[in-house]
Amino acid sequence: MTQLLDLMTGAQDAVVQLLRAQLPADQRGMVRHSLKQGAQPPFHLIGDIASADAGGKDEQAEDIEVDVHTVYRGADRRELLAMLHQVRVAVTDRRLVIDGALFRTTWAGASAGSASTTDGVTYAGVTTITLTAEPA
């Protein structure tokens with residue numbers, strides 16, 4: 001077997017790259033893999049990443065789930081739901097190569113809370129993306 005690739009870091013990079021390229025222009029700058037303290041919504045934050053082996057003997061392949069946390073501040077949750085849908089469109093059935101690895105993406109689901117946070121105007125949701133990753 002050749003040297004193993006870092007597919008988890010690559011998965012994060014792939015999701016960031018896709019979102020920054022495919023989301024509507026007014027949301028591309030909202031995509032983050034980390035937040036500074038006190039960051040204010042709206043934003044799309046790359047959240048939990050989990051990887052599972054999907055390869056056979058002597059081959060590297062992984063199924064990687066990446067959560068994207070979307071936070072919106074405004075008068076109505078409807079805008080949050082629209083943002084979640086735009087993430088779905090951005091990542092559905094895409095392929096890209098990063099650092100010698102091929103990533104194929106699929107939308108795995110999304111959820112949004114029914115109420116705002118205690119401030120009455122901040123809404124949050126999560127989109128789960130599945131990436132199949134292997135050396136290119």
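**View 1. Asp53 and Glu62 pair where β2 meets β3.** In this predicted model, Asp53 has Glu62 of β3 as its bridge partner. The two strands, β2 and β3, run antiparallel and are joined by nine bridges. If you would like to trace them in the structure above, β2 covers 43-53 and β3 covers 62-73.

**View 2. Arg32 of β1 sits opposite Leu45 of β2.** Here we turn to another pairing of β2. Arg32 stands opposite Leu45 in β2, and the strands β1 and β2 pair in the parallel sense, over two bridges.

**View 3. Six strands make up an open, mixed sheet.** Following the sheet across, the order is β1-β2-β3-β6-β5-β4, and the pairing is mixed. Which strands stand at the edges? They are β1 (31-32) and β4 (94-98); each has a single partner strand, so one side of each has no neighbour in the sheet.

**View 4. Arg104 faces Thr132 across the β5 and β6 pair.** Strand β5 spans residues 101-112, while strand β6 takes in residues 122-135. They pair in the antiparallel sense over 11 bridges. Within this view, look for Arg104, which stands opposite Thr132 in β6.

**View 5. Thr105 is a buried residue of strand β5.** Thr105 belongs to β5. Why does Thr105 count as buried? Its relative accessible area is 3%, and the class takes in values under 20%. The side chain of Thr105 reaches the backbone oxygen of Val91 at 2.5 Å. Leaving aside residues up to four places away in sequence, Thr105 touches Leu18, Val91, Thr92, Asp93, Arg94, Ile129, Thr130 and Leu131.

**View 6. Helix α3 lies across five strands.** The strands in question are β2, β3, β4, β5 and β6. Relative to β6, α3 runs at about 10°. Helix α3 itself is made of residues 78-91, and Val91, whose backbone oxygen the Thr105 side chain reaches, is among them.

**View 7. Helices α1 and α3 pack against each other.** Two packed helices are described by the angle between their axes and the distance between those axes. Helix α1 (residues 7-22) meets helix α3 at an angle of about 110°, with the axes 9 Å apart. That makes α1 roughly perpendicular to α3, a class that runs from 65 to 115 degrees. On the α1 side the contact is made by Leu18, Leu19 and Gln22, and on the α3 side by Val87, Ala90 and Val91. Sorted by class, the contact has five nonpolar residues, one polar and no charged ones. Leu18 and Val91 may look familiar, as both are touched by Thr105.

Technical notes: Residues numbered from 1 in each chain as written. Predicted model: local features only at pLDDT ≥ 70, side-chain atom pairs only at ≥ 80, totals over all residues. Heavy atoms only, no water. Helix = DSSP H or I, 4+ residues; strand = E, 2+ residues; numbered from the N terminus. Buried < 20%, exposed > 50% of the residue type's maximum accessible area, 1.4 Å probe, protein only. Polar contact = N/O pair within 3.5 Å; in protein donor to acceptor, adjacent residues only side chain to side chain. Contact = heavy atoms within 4.5 Å. Axes fitted to C-alpha atoms, helices over the stretch in contact; angles between N-to-C directions. Parallel < 35°, antiparallel > 145°, perpendicular 65-115°, else oblique. Nonpolar A, V, L, I, M, F, W, Y, C, P; charged D, E, K, R; others polar. Pairing = 2+ DSSP bridges.
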